[in-house]
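Biologist: I am new to this structure. Please take a close look at the part of the model where confidence is low, and then work outward from there to the rest of the protein.

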Amino acid sequence: DNRSDTDPKIATDGQGNWVVVWVSELEGVSGEAGYHEIFAAQSSDNGQTWSKPKLLHSDIAQDGASEQYPRIVTDHQGNWLTIWHSWVVHLDNTRDTDIRVSRSNDNGAHWSAPVFVNTNHALADNDSTYPCIATDRRGTWLSAWMTRDELDGITREWPDIYIAQSLDAGQTWSAPIFLTNDAVAYNRVDAYPTLDTDGVGNWITCWTRQRISSSKQGIDGDIYFSHSRDGGLTWIAPALFNSTGTNDSGVDWFPRLMTDRNGHWSAVWDSNGVLPGDAGTDDDIFHAGFSLAQVRVDRPNGGQQYTIGTKKQIRWDVVGDSGQYVRIHLFQNGQKVRQVKKATLNDGACPWQIKPGKFWPGNGYQIRIRPLDDPSASDMSDGTFSIVNPKGM
C-alpha cells in the first residue's frame with residue numbers, strides 16, 4: 001500500500017501469541033489531509049506468520065477522529081488492551097484529545113468498541129495525551145497520561161500526570177487520580193509517563209518533570225517517579241529518579257520503565273544533559289536501575305473459612321531478595337492477636353496447625369508476613385477470613 005505506517009508496539013503472552021499495533025495514515029476525504037487510525041496484526045506461531053492487518057475496530061474509522069500513540073499490554077490470562085490518544089470531534093465542532101482503550105479476548109483477532117479512559121472526555125477543554133498502561137495480571141489495570149484538564153477545578157498552565165484504574169479488563173475506569181500532587185506541580189511541566197508493576201503490589205510511574213523559567217521556557221527536565229502499594233489508589237509524593245538531576249544541565253526526556261517481576265527494575269531515557277567525564281551536549285541514552293523486594297500473601301487472602309483443629313498451609317509469593325526468614329502474625333479487625341511463626345524459611349509456604357486453645361473462632365482475621373531482614377517488604381491478606389469451631393461444638 002502507499003499508507004504511512006508508524007509507531008509500532010508489540011506484546012506477547014509467552015505462549016506463542018504476539019500482537020502488534022501501530023498507526024496508519026489514511027487518505028483524507030475530498031482532498032483533505034490524511035488522518036491516522038490504529039491497525040493491528042496477530043501471530044500465533046511466535047512471529048513466523050502474521051494475520052492480515054486490519055483496523056482495531058470499525059468504530060474508530062467512523063468517528064472522524066485521528067488516533068495516535070498506541071500502547072498494548074496483556075495479562076497473560078487472555079485479555080489484551082490497546083490504549084491510545086484520540087483527536088475527538090465534539091458536537092460544537094471543537095476538538096480535543098482524549099484517552100481511549102479497546103480490548104481483545106481472542107489474542108488480537110477481534111477488538112471491542114473503544115471506551116474512554118478519562119471520565120471528562122465529553123468536555124472540550126484540554127488535551128489528554130501520551131497514555132501508558134500496565135496490569136498486575138491479577139485483575140488490576142492502570143493507565144497514566146499527561147493532561148491540562150481541570151479535573152480538580154484548578155486551572156492549569158502546564159500538564160500534570162493522572163492515573164485511572166480498571167478492575168474489569170478495561171471495560172470501565174475509575175475517576176482519574178492526580179498523581180503529581182505536590183507543592184511544585186502547578187509550575188512544572190509533568191509529561192510522558194511510563195508505568196509498570198511487579199505483580200505483587202508495587203506500581204512505579206516515571207515521567208519527565210521540567211522547570212519553567214521566568215520567560216516561560218522549559219529548563220532542566222529531570223526524571224521523577226512515584227510508588228503505589230495499593231493498586232494505584234494512593235501514591236507517594238513525586239521524587240527525583242535520576243541521581244544527577246540536582247546538578248546536571250539539559251533535559252532528560254521520554255523515560256521507559258520495566259521490571260522483570262523478580263525484584264529488578266530498570267528505566268532508560270534520552271538526555272542532552274552534560275554529565276562529568278562522559279557525555280557531551282548531544283542526545284544520549286541513559287539508564288538507572290534499582291531493586292525492590294516484596295512478599296505477597298497468597299493464602300489466606302480473604303474469604304476462606306478455617307476450622308479449629310485442622311492443619312492448613314499459609315502461602316505467599318516472593319519477589320526479589322527479601323531475606324532468608326519471615327515472621328508470620330495473625331491479625332483480627334486490624335489488631336495483632338497472635339504470633340503464628342517467629343521465624344520460618346522465606347520459601348513461600350508454611351504449615352499452620354490451628355490448635356484449640358491457641359486460636360479462637362471469629363471473623364475479621366488476616367495474616368501478615370514480614371521478612372526479618374527487610375520489614376518494608378511485608379504484606380497482609382487483602383481481605384479477611386474466618387476461623388470456626390468443628391461441627392457439633
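Modeller: Over residues 29–33 the pLDDT stays under 50, and for this stretch the model has 1 contact beyond four places in sequence. The model is predicted, so the drawn path of residues 29–33 comes with a pLDDT under 50. For the protein as a whole, the average pLDDT is 88, and 88% of the residues score at least 70.

Start with what comes before the stretch. Strand β2 covers residues 18–26, and 6 bridges join β2 to β1 in an antiparallel arrangement. One of the bridge pairs is Thr6 with Val23 of β2. The hairpin of β1 and β2 has 5 residues between the strands, and there Gly14 has a positive phi near 75°.

After the stretch comes His36, which sits in strand β3, residues 35–43. Is His36 buried or exposed? His36 counts as buried because its relative accessibility is 18%, under the 20% limit for that label. Which residues does His36 touch, leaving aside neighbours within four places in sequence? The contacts of His36 are Val23, Ser24, Glu25, Ala65, Ser66, Glu67 and Gln68. Val23 appears here again: as well as touching His36, Val23 is the bridge partner of Thr6. Ser66, another contact of His36, belongs to β5, which spans 66–74.

Strands β1 and β5 lead on to the largest pocket. Each of β1 (5–12), β5 (66–74), β9, β13 (188–197), β17 (252–259) and β18 (264–271) supplies at least two residues of its lining. The space in this pocket comes to about 760 Å³. There are 29 lining residues, and those closest to the centre are Ile72, Val73, Ile133, Asp196 and Met258. Sorted by class, the lining has 15 nonpolar, 7 polar and 7 charged residues.

The second largest pocket is lined by 17 residues, with Gly201, Arg229, Gly231, Arg296 and Asp382 closest to its centre. Its volume is about 220 Å³, and its lining is made up of 4 nonpolar, 6 polar and 7 charged residues.

Strand β9, one of the strands that line the largest pocket, also belongs to an open sheet. That sheet has 4 strands in the order β9-β10-β11-β12, with antiparallel pairing. Its edge strands are β9 (128–135) and β12 (177–178), each of which pairs on one side only. Strands in a sheet pair through backbone hydrogen bonds, in parallel or antiparallel fashion. Between β9 and β10 (residues 141–147) there are 6 bridges, and the two run antiparallel. Ala134, for one, is bridged to Leu142 in β10.

Within this sheet, β11 (160–166) and β12 are linked by a loop that holds Ala169. Ala169 is buried because its relative accessible area is 10%. Beyond its neighbours within four places in sequence, Ala169 is in contact with Asn79, Leu81, Arg103 and Trp141. From Ala169 to Thr135 the sequence separation is 34 residues, while the C-alpha atoms are 9.0 Å apart.

Ser243 is also a loop residue, placed between β16 (239–240) and β17. Ser243 counts as exposed because its relative accessibility is 67%, where exposed starts over 50%. Asp222 is 21 residues from Ser243 in sequence, and the two C-alpha atoms are 9.5 Å apart in space.

Farther along the chain, β22 (residues 311–319) and β25 run antiparallel and are joined by 5 bridges. Among the bridge pairs is Ile314 with Cys350 of β25. The side chains of β25 (residues 349–353) alternate: Cys350 and Trp352 point to one face and are buried, whereas Ala349, Pro351 and Gln353 point to the other face and are not. Cys350 is thus named twice, as the bridge partner of Ile314 and as one of the buried residues of β25.

To finish, the overall counts. The protein has 1 helix and 28 strands. It has 393 residues, of which 49% count as buried. Among contacts with a separation of 6 or more, 52% are between residues 24 or more positions apart. Against that background, residues 29–33 have 1 contact beyond four places in sequence.

Methods:
Residues are numbered from 1 along each chain as its sequence is written. This is a predicted model: local features need pLDDT of at least 70, side-chain atom pairs count only at pLDDT 80 or more; totals for chains, interfaces and linings use all residues. Side-chain values use heavy atoms; hydrogens and water are left out. Buried means under 20% relative accessible area, exposed over 50%, partly exposed in between (1.4 Å probe, protein chains only). Two strands pair if DSSP finds at least two bridges between them. Contact means heavy atoms within 4.5 Å. On a 1 Å grid over the protein atoms alone, a cavity is a set of points where a 1.4 Å probe fits but cannot get out, and a pocket is an open set with protein on both sides within 12 Å along at least five of seven lines; lining residues have an atom within 4 Å of a point. Grid points are joined across faces, edges and corners, and a volume is the space filled by probe spheres set on the points. Ala, Val, Leu, Ile, Met, Phe, Trp, Tyr, Cys and Pro count as nonpolar, Asp, Glu, Lys and Arg as charged, and the others, Gly among them, as polar. pLDDT is the predictor's confidence in each residue, from 0 to 100.
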